[in-house]
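Please open the model in your viewer, with selection by residue number ready to hand. The tour moves from one selection to the next and says at each stop what is there.

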Amino acid sequence: MQSAAPIPTEDEIAALIEANADLEGPLLPILHALQESFGHIPQPAMQMIADRLNITKAELHGVISFYHDFREAPAGKHVLKICRAEACQAMGGNALAEETLAKLGLDWHGTTINGAVTVEPVYCLGLCACGPAAMLDDRCVGKVDRNRMDALLAEAGA
Ligand code: FES
């Protein structure tokens, strides 16, 4: 289960930025520190990072969206990752993903209205022989068919 993200203050954000700002290539360490502390990159941090590192918010957004582990909003109580890599695709992973997202009324990275589940893509979970694969929080599950997915969603409270 994911823990609820605390609401960060600007002082807390600034402290994490400053703690990493003088490193060589400080952007990723700053983003990792914020993500680890707050479970996402808080909105006020965007301008603060851009100002401190003298980069544009567009550049910053590009980096955050390139790395799938960074979030711009807090995740739901549980995170469901569905594998989108080749071996799982060959075993029906795309259809499973599309059906799951449609059932929940979400796009990738979306969170159910009740805050129970965030659905994210992942690119290989090391279960390639048992596709389609998914991961609910820290637990990997193979051979995920419609019934198994429904069980995972029910377990997560979606
Ligand atoms: S391709 Fe899905 S687990 Fe490896």
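A residue is called exposed here when its relative accessible area is over 50%, buried when that area is under 20%, and partly exposed in between. Please keep in mind throughout that this is a predicted model.

**Stop 1: helix 6**

Select residues 93–104, which make up helix 6, a run of twelve residues that reaches 16 Å from its first C-alpha to its last, close to the 16 Å expected at 1.5 Å a residue. Within this helix, colour Gly93, Leu96, Ala97, Thr100, Leu101 and Leu104, which are its buried residues. They cover an arc of only 125° around the axis, and therefore they sit on the same side of helix 6. Now turn to the other side of helix 6, where Glu98 and Ala102 are exposed.

What lies over the buried residues? To see the cover of the buried residues of helix 6, show the elements that contribute to it, which include strand 1 (78–83), helix 5 (86–90), strand 2 (117–122) and helix 7 (146–156). Before leaving, step to glycine 105, which follows helix 6 and has a positive phi, near 70°. You may also display the side chains of Glu99, Lys103, Arg146 and Asp150, which a network of salt bridges links together.

**Stop 2: helix 2 and valine 63**

Next select residues 27–38, helix 2, whose twelve residues should span 16 Å at 1.5 Å a residue, and whose end C-alpha atoms are indeed 16 Å apart. The buried residues in helix 2 are Leu27, Ile30, Leu31, Ala33, Leu34, Gln35 and Phe38, and their cover includes helix 1 (10–21), helix 3 (43–53) and helix 4. Just after helix 2 comes glycine 39, which takes a positive phi of about 80°.

From here, move to valine 63, which is found in helix 4 (residues 57–66). Valine 63 counts as partly exposed, because its relative accessibility is 22%. If residues up to four places away in sequence are left aside, valine 63 touches Leu27, Leu28 and Leu31. A distance drawn between the C-alpha atoms of valine 63 and leucine 28 should read 8.6 Å, although the two are 35 residues apart in sequence.

**Stop 3: the aromatic cluster**

Which residues do ring pairs link into a cluster? Select Phe66, Tyr67 and Phe70, which are linked in this way. The count of aromatic pairs comes to two. One of them joins phenylalanine 66 and tyrosine 67, edge-to-face, with 5.0 Å centre to centre and 85° between the planes. In the edge-to-face pair of tyrosine 67 and phenylalanine 70, the corresponding values are 5.9 Å and 70°.

Colouring these three residues by accessibility gives a varied picture. Phenylalanine 66 counts as exposed, since its relative accessibility is 61%, tyrosine 67 is partly exposed at a relative accessible area of 35%, and phenylalanine 70 is buried at 8%.

**Stop 4: arginine 52 and its acidic partners**

The salt bridges come to a count of seven, and a good selection to begin with is arginine 52 together with glutamate 18, whose side chains meet in a salt bridge of 2.6 Å, N to O. Arginine 52 lies in helix 3 and glutamate 18 in helix 1, so this pair ties together parts that are 34 residues apart in sequence. Both are partly exposed, arginine 52 with a relative accessible area of 33% and glutamate 18 with 42%.

Add aspartate 22 to the selection, which also forms a salt bridge with arginine 52, the closest N and O atoms being 3.5 Å apart. This pair links distant parts of the chain, as aspartate 22 is in the loop between helix 1 and helix 2 and arginine 52 is in helix 3, 30 residues apart. Aspartate 22 is exposed, with a relative accessible area of 67%.

**Stop 5: glutamate 120 and arginine 71**

Finally, select glutamate 120 and arginine 71, whose side chains meet in a salt bridge of 2.2 Å, N to O. Glutamate 120 lies in strand 2 and arginine 71 in the loop between helix 4 and strand 1, so the pair ties together parts that are 49 residues apart in sequence. Are these two residues buried or exposed? Glutamate 120 counts as buried at 4% relative accessibility, and arginine 71 is buried too, with a relative accessible area of 13%. To view the surroundings, show the residues that glutamate 120 touches, among them Val79, Ile82, Trp108 and His109.

Terms used:
Residues numbered from 1 in each chain as written. Heavy atoms only, no water. Helix = DSSP H or I, 4+ residues; strand = E, 2+ residues; numbered from the N terminus. Expected span 1.5 Å × (residues − 1). Buried < 20%, exposed > 50% of the residue type's maximum accessible area, 1.4 Å probe, protein only. Arc of directions from axis to C-beta. Contact = heavy atoms within 4.5 Å. Phe/Tyr/Trp six-rings, centres within 6.5 Å; stacked < 30°, edge-to-face > 60°. Salt bridge = Lys/Arg side-chain N within 4 Å of Asp/Glu carboxyl O.
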